[in-house]
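Ready for some practice? Work through these exercises with the structure open beside you, and try each one before reading its solution.

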Amino acid sequence: MVKTLYTATATATGSGRDGQVESSDRALVTDLSVPKELGGAGGDGTNPEQLFAAGFAACFHSALQLVARKQKTSVAGSSVTAAVGIGPDGQGYGLTVTLEVDVPGVEPDTARALADAAHQVCPYSNATRGNIDVDVRVA
């Protein structure tokens, strides 16, 4: 059982993927639009997959920095890019995630070990493990 330290709350209104989302503290207030690839008109709004990608990338990058600090390894200039795919999966839809981890100036084997360790502690990784295909790649 997780001892909750913080709870983020957001509400979706309007037409679902063509609606709006707003966090309870109003730090996030944005319109949504369905991408053309999913049959929508596109538009200026974001979409749930972009929001998930942003959250996963930020969370994984934080986990990478945490494990690097514990191992006394500098990851200055590092970045994590998350690509979230959506497509048909049986009766519904499923997601895929590719995480591209870039750790300049760090030996490839060390960067791989850091990424693997981050994948074990990242809350997004733990939440998706066994549910979503997550491919962690090291640049």
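**Exercise 1: a hairpin**

Which residue takes a positive phi in the hairpin of S1 and S2, and how many residues lie between the strands?

*Solution.* Keep in mind that this is a predicted model.
- Step 1: Go to the hairpin of S1 and S2 and count what lies between the strands: six residues.
- Step 2: Look there for a positive phi, and you'll land on Gly14, with a value near 85°.
- Step 3: Try the hairpin of S2 and S3 as well. It has five residues between the strands, and here Arg26 takes a positive phi, near 65°.

**Exercise 2: putting the sheet together**

Work out the strand order of the sheet and find its edge strands.

*Solution.*
- Step 1: Recall how strands team up in general: they pair through backbone hydrogen bonds, either parallel or antiparallel.
- Step 2: Start with S1 and S2. They run antiparallel and are joined by four bridges. In this pair, Thr13 sits opposite Gln20 of S2.
- Step 3: Move on to S2, residues 20–23, and S3. This pair is antiparallel too, with three bridges. Val21 has Thr30 in S3 as its bridge partner.
- Step 4: Put the pairs together, and you get an open sheet of three strands in the order S1-S2-S3. The edges are S1 (10–13) and S3 (29–31), since each of them pairs on one side only. On average, neighbouring strands are turned by 15° against each other, ignoring direction.

**Exercise 3: two faces of a strand**

Sort the side chains of S2 by the face they point to.

*Solution.*
- Step 1: Remember the general pattern: in a regular strand, side chains alternate between the two faces of the sheet.
- Step 2: Val21 and Ser23 go to one face, and they're buried.
- Step 3: Gln20 and Glu22 go to the other face, and they aren't buried.

**Exercise 4: two cysteines**

Why do Cys59 and Cys122 not count as a disulfide?

*Solution.*
- Step 1: Recall that a disulfide is a covalent bond between the sulfur atoms of two cysteines.
- Step 2: Check the distance. The cysteine sulfur nearest to that of Cys59 belongs to Cys122, 3.6 Å away.
- Step 3: Compare with the cut-off. A disulfide needs the sulfur atoms within 2.5 Å, so this pair does not qualify. A search of the whole structure finds zero disulfides.
- Step 4: Check burial too. Cys59 counts as buried at 17% relative accessibility, and Cys122 is buried at 0%.

**Exercise 5: a serine in a helix**

Is Ser125 buried or exposed, and which residues does it contact beyond its sequence neighbours?

*Solution.*
- Step 1: Find Ser125 in helix H3, residues 123–128.
- Step 2: Read its relative accessible area. Ser125 is buried because the value, 0%, is under 20%.
- Step 3: Skip the neighbours within four places in sequence, and Ser125 is in contact with Phe56, Phe60 and His119.
- Step 4: Zoom in on His119: its side chain and that of Ser125 share a polar contact of 2.7 Å.

Note on methods:
Residues numbered from 1 in each chain as written. Predicted model: local features only at pLDDT ≥ 70, side-chain atom pairs only at ≥ 80, totals over all residues. Heavy atoms only, no water. Pairing = 2+ DSSP bridges. Axes fitted to C-alpha atoms, helices over the stretch in contact; angles between N-to-C directions. Buried < 20%, exposed > 50% of the residue type's maximum accessible area, 1.4 Å probe, protein only. Contact = heavy atoms within 4.5 Å. Polar contact = N/O pair within 3.5 Å; in protein donor to acceptor, adjacent residues only side chain to side chain.
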